[in-house]
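Hi everyone, thanks for making time this morning. I'd like to walk you through one protein, and I'll spend most of my few minutes on a single residue.

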Amino acid sequence: MKRGALIAAGIAAFLVFMIAMVPASQLARRLPASVALTGASGTIWSGRGRALSVSGRPLGGIAWSCSPWRLLLLHWSCHATLSPTGGEVSGDLSGSFGDEINGEAIRGRLPIRLFEGLVTPHGWTGELELDLSEIRIVKLRPTAASGTLYVRNLHPPGNGQALGDFELVVGEGTVGSNALNGRLRDLGGPLHVRGAVELGQDGHYLLSGDAAPGPGASPAIFDTLGFLGTPDSQGRRPFTIEGRL
């Protein structure tokens, strides 16, 4: 290797080392306006924060460990763990300092109360289990993903009957569509559900399908399903839910 190349490599390594030693508190001050991090400690490439929130929604503590050498390619790559009360999820994240974040091996469990008022009604409880091989997020919205999401022990407000477990397989897109698509089904329990989910790039989501009472369904479930209209010959009633992330 020529002397000039060796000098350039040495300078680059020194700059990467210096950047890697920047305190995590500096990162907290330079996050987008919609993202807040408090109680930051360590460095920007190996640290933790006591509380992370996005658009005013608290998500819990976070810890990260990054590879500073990706900076030589103008990219960043980190392993991160999010730890809200009652859950934990971790995965590998990377990006190029733009609006896009790519994730791999995103796995763990989160309480669904974190999504209250966003994609779940107020007062519902349960766990969201993630098993995603990959996901792409643009401007804080998922635009592509592959893997499975599970909702465990879904329970409505009050003392109503638990509705069971549900599975959402994502990444099976519709031909000619730029939306993120998925298939929804129940995994047994007092409420049978099957349907399809579509999330557009503008954040608009549409969930459509049908529902029916399962074995051991309480009168409350029959009453709730009654609002969906007249059942078909198999006792299923169609439903549509839409909104915007």
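I'll begin with the overall fold, then turn to one aspartate, and finish with the rings.

Please keep in mind that this is a predicted model. The protein has 245 residues, and 35% of them count as buried. Its secondary structure comes to three helices and 14 strands. If you take the contacts between residues at least 6 apart in sequence, 35% of them join residues at least 24 apart.

Now to my favourite, aspartate 186. You'll find aspartate 186 in strand 11, which covers residues 180–186. So which side chain of opposite charge is nearest to aspartate 186? That is arginine 236, at 5.4 Å. A salt bridge needs a side-chain nitrogen of Lys or Arg within 4 Å of a carboxyl oxygen, so aspartate 186 is buried with no salt bridge.

What does the side chain of aspartate 186 reach, then? One partner is the backbone nitrogen of valine 193, at 2.8 Å. Another is the backbone nitrogen of glycine 188, which lies 3.0 Å from a polar atom of that aspartate side chain. Leaving aside residues up to four places away in sequence, aspartate 186 touches Asp165, Phe166, Leu191, His192 and Val193. Valine 193 therefore turns up twice, as a residue touched by aspartate 186 and as the owner of a backbone nitrogen within 3.5 Å of its side chain.

Last, the rings. Arginine 152 lies over the face of tyrosine 150, 4.5 Å from the ring centre. As for aromatic pairs, with ring centres required to lie within 6.5 Å, the count is zero.

That's my tour, and I'm happy to take questions!

Definitions and conventions:
Residues are numbered from 1 along each chain as its sequence is written. This is a predicted model: local features need pLDDT of at least 70, side-chain atom pairs count only at pLDDT 80 or more; totals for chains, interfaces and linings use all residues. Side-chain values use heavy atoms; hydrogens and water are left out. Rings of Phe, Tyr and Trp (its six-membered ring) pair if their centres lie within 6.5 Å; planes under 30 degrees apart count as stacked, over 60 as edge-to-face and the rest as tilted. A charge sits over a ring if NZ of Lys or CZ of Arg is within 6 Å of the ring centre and within 35 degrees of the ring normal. Helices (H or I, at least four residues) and strands (E, at least two) are DSSP runs, numbered from the N terminus. Buried means under 20% relative accessible area, exposed over 50%, partly exposed in between (1.4 Å probe, protein chains only). Lys and Arg count as positive and Asp and Glu as negative; His and the chain ends are not counted. A polar contact is a pair of N or O atoms within 3.5 Å; within protein, one must be able to donate a hydrogen and the other to accept it, and residues adjacent in sequence count only if both atoms are side-chain atoms. Contact means heavy atoms within 4.5 Å.
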